[in-house]
Amino acid sequence: MQMLLAGLGPAQADTLPHPLRPVVAPTDTLVRVLPCPGVVRAAVGTILFTGNAVTKDRILRAELDFHEGDTLTLADLPACLEANRRRLFNLQLFHAVVVQSSCAGSRLLIVFGVQERWYTFPVPILSLADRNLRSWLDRADRWRRVDYGVHLVRSNFRGRNEQLIANLQLGFNRKYELFYEAPGLGHYRRLGLGVGASYYQSHSLDYITLADRLTPFRADDGFPIQRFYVTGGLRFRHTVQFLTALNLSYHREQISDSVNHYNPTYYLGRTQREYLDLNLTSTRNQRNTFAYPLTGRYAQVALTHRVFLDGTTPSITTLHLNYTRYLALGREFYYSVGLSGQTRLTRQLAYADSRALGYEDLVRGYDQYVVDGRHYALVQQGLSYPLLRPQPIRLQSIDNPKINTIPLALYLNIFADAGYVVAPHSLSQNRLPNQLLSAVGLGLHLVTYYDRVFTAEYTLNGLGQTGYFFRAEFPI
C-alpha cells in the first residue's frame, strides 16, 4: 500500500516537512490528508486517477459524490475521502484503492490510486450436481452426478464495469448460458441494462420431498427436466451501494410424463408450462466491504409477479425481504445479525414453486434437508474474531501485480440460526414444515484471493444432529 500511495506522484504540498498520519487506515487501503495551513474550506481544483490502465476515468468519477469546483470543509475531508474510497473499492475492480489530498495554491488536489485486478477468468467447471456436499455424499450414484465444462467471466468489459458471463456445462446437468450486464450507461452512469439467455437439461430431477429430503427421478436415456428462458431489464443505479433492477423474463419448462405421473402436483397436472416473470429488486448495500463485511448494513427487497400463459394456472406474487446489520463491538469482536423472509400469494401453488428453506436460504446444520412451503422467516447471528491477519503472500516467480499477491485472513465465528416455514398442505412424511428450526455452531472463515471466502463449520441442529459443513461463500 505504501508503494501505491507513494506512486501517486509529487504535488506542491508534498514538500511540507511533517505530513499527517493516515486519518483512516483499514487493512486494505489508506487515506492521507496533507495539511493546508490556515485553510478552513477549499474548492476542489483537480481530481486525478492513477493505476487505472483499463478502467475509464469517467466510470470512477461517476461514483464520487464531489466533483471539480465543489467546496469542501477540511475538517470533514478525511471522512469524505474515506467514504468515496470505499465506493471505488467496492466496485470490486481493484485490489487496493488509496487517496491523497493536498493543497495546490488555494485549491485541493485529490488523487486516487488504484491497483487493478485481473478481469478475464476462464474457470473450468467440475462441480457436484447437488445442493451441497452433504446432499451429494448421500446419493448412491454420486460419481455420475458430476458436471464439467467452462465458466467464462469477463469483468470490467471495455473498461466500463460491464460484465460478460458465458457457461458451457456438460455432464449430468447441461447448461448453455450467455449474460451481459451494464450497471450504468451514459455520462452519469445512472441507467443501465442487463440481458441474457439460458438453456438447461438434466438426466435427473428431484421430483418430490419425502422425509424432508429431495427424492430424485433419473432417466439415463432422456431428460426429465428441460428449461429455457430469456431475460432483459433496466438498472437504476445511484451508486455502487444503491441499485434498483427491473427485469422481464420469458420461461418455458418441460418435464417428462413419468415425472408428472409420480408427482402430478409438480406443474399442477401439466408436463409443460410457459410464463412471464416481472421482477423489481432494490438493493441498499452499505457494508464496509462487500466480500467479508464487518460493519455497515445491507437491505434488499424483491417483488416478483408470475403470469402463466395457459390462461388457467393462477398467477403468483412473491415478496422476498433481506436485512443484515454488522457491528464492531470493540477489542476486534464483530457481530452480525441477518433477517430474511419470503411470502407467496396465490390460489394454488405447484410443487416446483414451493421452495423455502434449504435452497438459497438455509438454517445452517440442516444442509441435508429441504423445507417446502408458502412462507418462511430466517434469523442468523454470528460473532467473529480475527485469528490471523498475516502479510499477503507474494509469489516472487510472477511479475504481474494483478495476480502475484495473495491476501489471507482467518476469522473464528460463533453462530446461531433459527427459521420457520409455513406450509398449509405439507405431506405427513415431512416433519420440518410448521416447526421451529434452530442450530448453533462454530466456524472458521478464510478470506483470500479475489474476494473468495471459504468456511468450515461444526453445527448442532435442533434435531440433536451434529456435523461438519464446508461452504464457499460468506454465510450472512
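Which strand holds threonine 318? The legends below take up this residue and then some other parts of the predicted model.

**View 1. Threonine 318 and its surroundings in strand β17.** Strand β17 covers residues 316-330, and threonine 318 is found within this strand. Is threonine 318 buried or exposed? Its relative accessibility is 16%, and because buried means under 20%, threonine 318 counts as buried. Leaving aside residues up to four places away in sequence, threonine 318 touches Ala302, Leu303 and Thr304, along with Gln342, Thr343 and Arg344.

**View 2. Helix α3, residues 77-89.** With 13 residues at 1.5 Å a residue, helix α3 should span 18 Å, and its end C-alpha atoms are indeed 18 Å apart, so the two values agree. How many of the 13 residues of α3 are buried? The count is 10, so this helix is largely enclosed by the rest of the structure. Among the buried residues are Leu77, Pro78, Cys80, Leu81, Leu88 and Phe89; Glu82, Asn84, Arg85 and Arg87 are buried too.

**View 3. The span annotated in UniProt, residues 156-371.** An unreviewed UniProt entry places the feature "domain: Bacterial surface antigen (D15)" at these residues. In the model, this span is 64% strand and 3% helix, and its end C-alpha atoms lie 38 Å apart.

**View 4. Confidence along the chain, and residues 1-29.** The protein chain has a mean pLDDT of 88, with 90% of its residues at 70 or more. Over residues 1-29, however, the pLDDT is below 50, although this stretch has 60 contacts in the model beyond near neighbours in sequence. Where pLDDT is low, predicted coordinates should not be read in detail.

Definitions and conventions:
Residues numbered from 1 in each chain as written. Predicted model: local features only at pLDDT ≥ 70, side-chain atom pairs only at ≥ 80, totals over all residues. Heavy atoms only, no water. Helix = DSSP H or I, 4+ residues; strand = E, 2+ residues; numbered from the N terminus. Buried < 20%, exposed > 50% of the residue type's maximum accessible area, 1.4 Å probe, protein only. Contact = heavy atoms within 4.5 Å. UniProt positions renumbered as here; feature names shortened; annotations may be inferred. pLDDT = per-residue confidence, 0-100. Expected span 1.5 Å × (residues − 1).
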